Amino acid sequence: MGISLISISHQSAPLAIRELFAFPEQVQMDLMHQMLERKSAQECVIISTCNRTEVYTYSEKAGSNFTDMQDLLLEFAGAAEVEHIGDYVRFYSGTKAVEHLFHVAAGLDSMVMGEDQILGQVKRAHEQARQAGTCEVYLNTLFRYAVTAAKKVKTRTDLSRTTVSTATMAVKAAEKTLGSLHGKKVMLIGASGKIGSVVLKNLQCIEGAEVCITSRNMRQACEDRHHKVTYQVMEYESRYELMDEMDVIISATSSPHYTMTYDKLAKCLKTSKKRVLVDLAVPIDIEEKVEWLPGIKRYDIDDFQELAKANNEKKRHEAMAADQILKEVGLDFERWMVFQQALPEIRKMKAWMLEEAEKKGFEKAIDKMFYRIRDNSSPESLRAFFETMKER
């Protein structure tokens, strides 16, 4: 009985495996509904980002039905026949599942420790499940507590004080390779997306960069001119026509297809120079073999793990403080959950006490309640119970 979790993340699975589980929103909705329809769970929320796909469930069954949950997840991913697929999947239940969500929401489980984007992604996952009708009292409360805990970490520690994310590291990687982006031409494909919009904000801080973007909302992009960096807006279909001019190309879309292929890029590149291609998408946007072309340095999201290590080491002390905050809020949630699950017994106890009070008086009913607690508790539980009754 309780909270369970199946996780495929950057902590255990390479990009090639995570790509299989990068479900579009509609597929996520279908998967959550199937979890309920097949009785694998009574509530379900899916968090899906470039670095993780995690399925949170609640069930009143005694014991977690991990086998059914995993089979269904692998079925949706088409991954049942993938060799050693079980090596990449992590299972959590009870307190471990609660702690994991709290760490995820606060950015402690992110590739870049303390990054801000994950909290918004957790909120969106919760809201998506609410709209799908797959999230009720237990997971609703769990996710509310997780968001509250993450906000406390943000305000009480310096974990997120210096904003760093995979989006900011994409720009840093380009700068490291080329020395500087001043005077360089940068193409951003998918500027209106969740990650692309953060990349664009980072590019705005680089004076002298010439930026060219594609955006789903072309009208808004054309009118948006309050940034430090003035950018050119191009039609997505015209992207290859401008690639020969570019020094850096960053792609961050949710497209299931490549935004850049080896064959098309090879045809359009005429100028010999050093170029950086950064792929922030899962599934990947840029065909891997483009790095065979002369002068090309390609990064994908897994390449940022090394760059993230220095950031994470600096934040170890803050992470310890954050962890303590998460434990305190986690205990509050578990107390709520124990009480919530005990409500039927509490109602029975209240009815019994009222009946006893009518027969023998309120004082006798209180005495009988304490004797009943004594006779049905272990010594350890009884000590803990009376400890809570001491004046603080």
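In this predicted model, strand E9 (residues 275-279) is joined to strand E10 by five bridges, and the two strands run parallel. One of the pairings can be followed down to single residues, since Val278 has Tyr299 in E10 as its bridge partner. Both strands belong to an open sheet of six strands, arranged in the order E7-E6-E5-E8-E9-E10 with parallel pairing. Strand E7 (231-233) and strand E10 (296-300) stand at the edges of this sheet with a single partner strand each, so one side of each has no neighbour in the sheet. From one strand to the next, the twist averages 15°. Helix H8 (residues 194-203) packs on this sheet, where it touches strand E5 (185-189), strand E6 (210-214), E7 and strand E8 (248-251), and its direction makes about 160° with that of E5.

The model also has an open sheet of four strands, in the order E2-E3-E1-E4, and here the pairing is antiparallel. Its edge strands are strand E2 (43-48) and strand E4 (90-93), each of which pairs on one side only. The twist in this sheet averages 15° from one strand to the next. Six bridges join E2 to strand E3 (residues 52-59), the two running antiparallel, and Val45 has Tyr56 in E3 as its bridge partner. Helix H6 (residues 137-156) lies across strand E1 (2-9), E2 and E3, and runs at about 35° to E2.

A pair of helices comes next. Helix H15 (residues 362-375) and helix H16 (residues 379-388) pack at an angle of about 140°, with their axes 9 Å apart, and H15 and H16 are therefore oblique to each other. In this contact, Phe370, Ile373 and Arg374 of H15 meet Leu382, Phe385 and Phe386 of H16. Sorted by class, the residues of the contact are five nonpolar, no polar and one charged.

Finally, the cysteines can be considered, and the structure holds zero disulfides. A disulfide would need two cysteine sulfur atoms within 2.5 Å; the sulfur of Cys135 is too far from its closest cysteine sulfur, in Cys44, for a bond. Cys268 is likewise in no disulfide, its nearest cysteine sulfur being that of Cys212. Cys135 is buried, and Cys268 also counts as buried.

| Cysteine | Closest cysteine sulfur | Distance | Relative accessible area |
|---|---|---|---|
| Cys135 | Cys44 | 9.2 Å | 8% |
| Cys268 | Cys212 | 13 Å | 15% |

Terms used
Residues are numbered from 1 along each chain as its sequence is written. This is a predicted model: local features need pLDDT of at least 70, side-chain atom pairs count only at pLDDT 80 or more; totals for chains, interfaces and linings use all residues. Side-chain values use heavy atoms; hydrogens and water are left out. Axes are lines fitted to C-alpha atoms, for helices over the stretch in contact, and angles run from 0 to 180 degrees between N-to-C directions. Angles under 35 degrees count as roughly parallel, over 145 as roughly antiparallel, 65 to 115 as roughly perpendicular and the rest as oblique. Contact means heavy atoms within 4.5 Å. Ala, Val, Leu, Ile, Met, Phe, Trp, Tyr, Cys and Pro count as nonpolar, Asp, Glu, Lys and Arg as charged, and the others, Gly among them, as polar. Two strands pair if DSSP finds at least two bridges between them. Buried means under 20% relative accessible area, exposed over 50%, partly exposed in between (1.4 Å probe, protein chains only).
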